[in-house]
Amino acid sequence: MAVNLSKNGPTLTAAFKEVVDEKSKTNWALFTYEGNSNDIRLADKGDGGLEELVEELNSGKVMYAFCQVQDPNSGLPKHVLINWTGEGVKDARKGICANHVSSMANFLKSRGGRGTRGDHAKGGQSFRSQL
């Protein structure tokens, strides 16, 4: 089943734009599914960096976090997409949602995230890919 990014598209886009806007204090946005549907909604957003974002990750949900971090070498802001799959998510749901990662990345990229990198984390493991 395909992911639905259009139902809440304007809200998702607005949250994304807040994270990438240099004038905004918002440095992360967290997205998840509405119930057991494939409709993505904004779960939360904040300005407390990765430390604050990590507190919002739910062990029973599949979530997508878009955040701004500072590159330690250049000092420049970088944007990452984190795919969180909590250990309490049922295997069938994990399989369905695994196919949605690229759709989420493409959605954000089409909103202006060109050249950003995505970090995809599953149960504490992560790997890096170009958005």
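**Entry 1: strand 1**

I began with strand 1 and found both of its faces covered: Trp28, Leu30 and Thr32 on one side, and Ala29, Phe31 and Tyr33 on the other, are all buried. I use buried for under 20% relative accessible area, exposed for over 50%, and partly exposed for what lies in between, with a 1.4 Å probe and protein chains only. Put as a count, 6 of the 6 residues of strand 1 are buried. I noted the background: in a regular strand the side chains alternate between the two faces of the sheet.

I am working on a predicted model, where local features need pLDDT of at least 70, side-chain atom pairs count only at pLDDT 80 or more, and totals for chains, interfaces and linings use all residues. Residues are numbered from 1 along each chain as its sequence is written, and side-chain values use heavy atoms, with hydrogens and water left out.

**Entry 2: the chain as a whole**

I looked up the elements and found 4 helices and 6 strands. Helices (H or I, at least four residues) and strands (E, at least two) are DSSP runs, numbered from the N terminus. I wrote their order from the N terminus on as α-β-β-α-β-β-α-α-β-β. The chain has 131 residues, and 40% of them count as buried. I then took the contacts, meaning heavy atoms within 4.5 Å. Of the contacts with a separation of 6 or more, 54% are between residues 24 or more positions apart.

**Entry 3: partners of strand 1**

Which strands pair with strand 1? Two strands pair if DSSP finds at least two bridges between them. I found strand 2 antiparallel to strand 1, with 6 bridges. Strand 3 (residues 62-70) also runs antiparallel to strand 1, with 5 bridges. I picked one bridge from each pairing: Tyr33 has Ile40 as its partner in strand 2, and Phe31 has Tyr64 as its partner in strand 3. The hairpin of strand 1 and strand 2 has 6 residues between the strands, and there Gly35 takes a positive phi near 55 degrees.

**Entry 4: Lys45**

I placed Lys45 in strand 2. Is Lys45 buried or exposed? Lys45 is neither; it counts as partly exposed because its relative accessibility is 35%. Leaving out residues up to four places away in sequence, I listed Glu18, Thr26, Trp28 and Ala29 as the residues that Lys45 touches. Two of the names, Trp28 and Ala29, I had already met as buried residues of strand 1. I also checked Lys45 against Val19: they are 26 residues apart along the chain, and their C-alpha atoms are separated by 8.8 Å.

**Entry 5: salt bridges**

How many salt bridges does the structure hold? I read off 4. The term means a side-chain nitrogen of Lys or Arg within 4 Å of a carboxyl oxygen of Asp or Glu. The background is that side chains of opposite charge can pair when their charged atoms come close.

Lys7 has a salt bridge with Glu34, with 2.8 Å between the closest N and O atoms. This pair links distant parts of the chain, 27 residues apart: Lys7 is in the segment before helix 1 (9-20), and Glu34 is in the loop between strand 1 and strand 2 (40-46). Lys7 counts as partly exposed at 49% relative accessibility, and Glu34 is partly exposed at 24%.

Lys7 also has a salt bridge with Asp39, with the closest N and O atoms 3.6 Å apart. Asp39 lies in the loop between strand 1 and strand 2 and Lys7 before helix 1, so this pair ties together parts that are 32 residues apart in sequence. Asp39 counts as buried, at 16% relative accessibility.

Another salt bridge joins the side chains of Lys94 and Asp91 at 3.8 Å, N to O. Both residues lie in helix 3, 3 residues apart, about one turn of the helix. I noted Lys94 as partly exposed at 31% relative accessibility and Asp91 as exposed at 62%. Through shared partners, salt bridges join Lys7, Glu34 and Asp39 into one network.

**Entry 6: lining of the largest pocket**

What classes of residue line the largest pocket? I found 4 nonpolar, 5 polar and 3 charged residues. Here Ala, Val, Leu, Ile, Met, Phe, Trp, Tyr, Cys and Pro count as nonpolar, Asp, Glu, Lys and Arg as charged, and the others, Gly among them, as polar. A pocket is an open set of points on a 1 Å grid over the protein atoms alone, where a 1.4 Å probe fits, with protein on both sides within 12 Å along at least five of seven lines; lining residues have an atom within 4 Å of a point. Among the lining residues I noted Thr32, Tyr33, Gly35, Lys61 and Arg93. Strand 1 (28-33) and helix 3 (91-98) are the elements that give two or more residues to this lining.
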